[in-house]
Amino acid sequence: MAQLIDGKQISKEIKDELKEKVAALKAQGIEGAMAVIQVGEDPASSVYVNNKKKACEYIGIRSESYELAESTSEQELLDLIERLNNDPKINGILCQLPVPAHMDENKIIRAIAPEKDVDGFHTQNVGALVVGQKGFVSCTPAGVIQLLKRSGIEIAGKHCVVVGRSNIVGKPMSLLMLKEHATVTICHSRTSDLQAVCKQADILIVAVGKPKMITADYVKEGAVVIDVGIHRQENGKLCGDVDFEQVEPIARAITPVPGGVGPMTIAMLMNNCVQAMTGEA
Ligand code: NDP
């Protein structure tokens with residue numbers, strides 16, 4: 001039976017460590033505040049935004065909410081971001097994506113000052129990751145690294161196959177594994193014989209966005225399998241990009257969905273918020 005990598009437990013550990021860190025900073029007179037922006041009322045976005053606010057409250061960081069109407073113009077949003085960039089009391093700016101279709105998402109991301117970009121999406125932060133400099137790292141891939149490290153899984157020298165090359169998961173994930181000295185292969189929709197490539201992986205990280213696509217045929221006996229995917233099935237239950245029932249018996253370690261990578265994203269976001277307070281990033 002595979003070791004179950006418990007993201008719920010590990011994310012709680014991280015949030016509790018951050019809570020202590022924030023209390024220690026407060027004792028030194030250092031307080032933090034995050035601006036949380038939501039444009040429109042997409043229900044899924046509202047859930048994410050609420051979770052972020054709750055997580056801030058849990059670790060002791062103040063959050064300021066900016067709920068803007070769907071009809072807000074791009075310029076109005078840019079003006080708000082500019083104001084928050086210049087507000088010394090605000091350490092981090094979280095603009096919930098996606099923004100409405102009449103706005104240019106890349107322009108919005110670029111407008112956030114890199115030192116307040118706690119999501120790690122700004123090209124300056126992405127570039128810093130590429131060249132191995134300090135900066136904010138995209139939260140989901142950063143969470144995967146913590147899951148592996150805190151579960152005692154060695155990364156250096158291992159062959160890691162990442163399935164997916166998106167800007168928020170696949171690409172930064174690959175760079176982080178490279179930084180941890182893995183040998184990294186990146187796969188995508190044009191990869192030929194995906195199954196054979198995946199089967200070479202000591203550590204297989206899947207962020208493909210296709211429910212249960214990775215079956216036992218893609219996995220080497222004894223591999224570590226990290227499932228970033230999250231989907232709501234017709235029966236109402238959640239599943240990942242990996243067929244857990246098939247893969248679990250042959251893997252050495254695996255993340256469940258839910259309770260694997262999912263909870264780590266918000267924990268790492270909080271980590272970035274604390275880094276924004278201390279100027280560590
Ligand atoms: P994207 O849709 O942006 O990217 C999917 C990637 O998978 C693309 O690079 C695409 O290739 C590749 N791909 C698609 N189909 C295939 C295929 N048949 N074979 C090989 N590669 C394929 O998704 P994201 O990276 O944003 O998210 C991936 C998953 O992770 C989703 O299920 C999402 O819900 C989940 N997610 C979970 C988070 C969490 O907190 N747990 C956070 C973010 C995402 P190409 O580039 O060629 O099109």
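Let's start with Thr255, which you'll find in the loop that runs between strand E11 (253–254) and helix H10 (262–278). Before I go on, a quick reminder that what we have on screen is a predicted model. So, is Thr255 buried or exposed? Its relative accessibility is 1%, and because the cut-off for buried is under 20%, Thr255 counts as buried. Its side chain also has a polar partner: it reaches the backbone nitrogen of Asp227 at 2.9 Å. Asp227 shows up again when we list the contacts of Thr255, leaving aside neighbours within four places in sequence. That list holds Ile5, Leu147, Val225, Ile226, Asp227, Phe244, Gly260 and Val261.

Next, please look at another loop residue, Asp243. You'll see Asp243 between strand E10 (238–239) and helix H9 (244–247). Despite being an aspartate in a loop, Asp243 is buried, with a relative accessible area of 13%. Which residues does Asp243 contact, once neighbours within four places are left aside? They are Lys212, Ile214 and Thr215. Met213 belongs in this picture too: its C-alpha atom is 6.6 Å from that of Asp243, with the two positions 30 residues apart along the chain.

Now for a helix. Leu78 sits in H3, which covers residues 74–85. Leu78 has 14% relative accessibility and so counts as buried as well. Not counting residues up to four places away in sequence, Leu78 touches Lys107, Ile108 and Ala111. If you'd like a feel for distances across the model, take Leu78 and Leu175: they are 97 residues apart along the chain, and their C-alpha atoms are separated by 30 Å.

Let me zoom out to the whole chain for a moment. There are ten helices and eleven strands. The C-alpha trace spans about 55 × 45 × 40 Å along its principal axes. How does the radius of gyration fit with a compact globule? For 281 residues, such a globule would come out near 19 Å, and the chain has 19 Å, so the two agree. Of those 281 residues, 51% count as buried. Contacts between distant parts of the sequence feature strongly here: among contacts with a separation of 6 or more, 70% link residues 24 or more positions apart. As for the outside, the accessible surface of the chain comes to about 13500 Å², and carbon and sulfur atoms account for 50% of that.

Finally, the ligand. Which residues come nearest to the ligand? There are 21 residues around the ligand, and the nearest are Arg165, Ser166, Ser189, Lys210 and Thr265. Sorted by class, the shell has eight nonpolar, ten polar and three charged residues.

Let's walk through some polar contacts. Ser166 uses its side chain, where an N or O atom is 2.5 Å from an oxygen atom of the ligand. With Val228 the backbone is involved: one of its polar backbone atoms is 3.5 Å from a ligand oxygen. Ile230 also contributes through its backbone, with an N or O atom 3.4 Å from an oxygen of the ligand. And how much of the ligand does the protein bury? Taken alone, the ligand exposes 930 Å², and the protein buries 69% of that.

That's my tour, friends. If you'd like to keep exploring, I'd be happy to go back to the ligand shell or to any of the three residues together.

Key: Residues numbered from 1 in each chain as written. Predicted model: local features only at pLDDT ≥ 70, side-chain atom pairs only at ≥ 80, totals over all residues. Heavy atoms only, no water. Near = heavy atom within 4 Å. Polar contact = N/O pair within 3.5 Å; in protein donor to acceptor, adjacent residues only side chain to side chain. Areas by Shrake-Rupley, 256 points an atom, 1.4 Å probe, with all protein chains shown as cover. Nonpolar A, V, L, I, M, F, W, Y, C, P; charged D, E, K, R; others polar. Helix = DSSP H or I, 4+ residues; strand = E, 2+ residues; numbered from the N terminus. Rg over C-alpha atoms; globule rule 2.2 N^0.38 Å. Buried < 20%, exposed > 50% of the residue type's maximum accessible area, 1.4 Å probe, protein only. Contact = heavy atoms within 4.5 Å.
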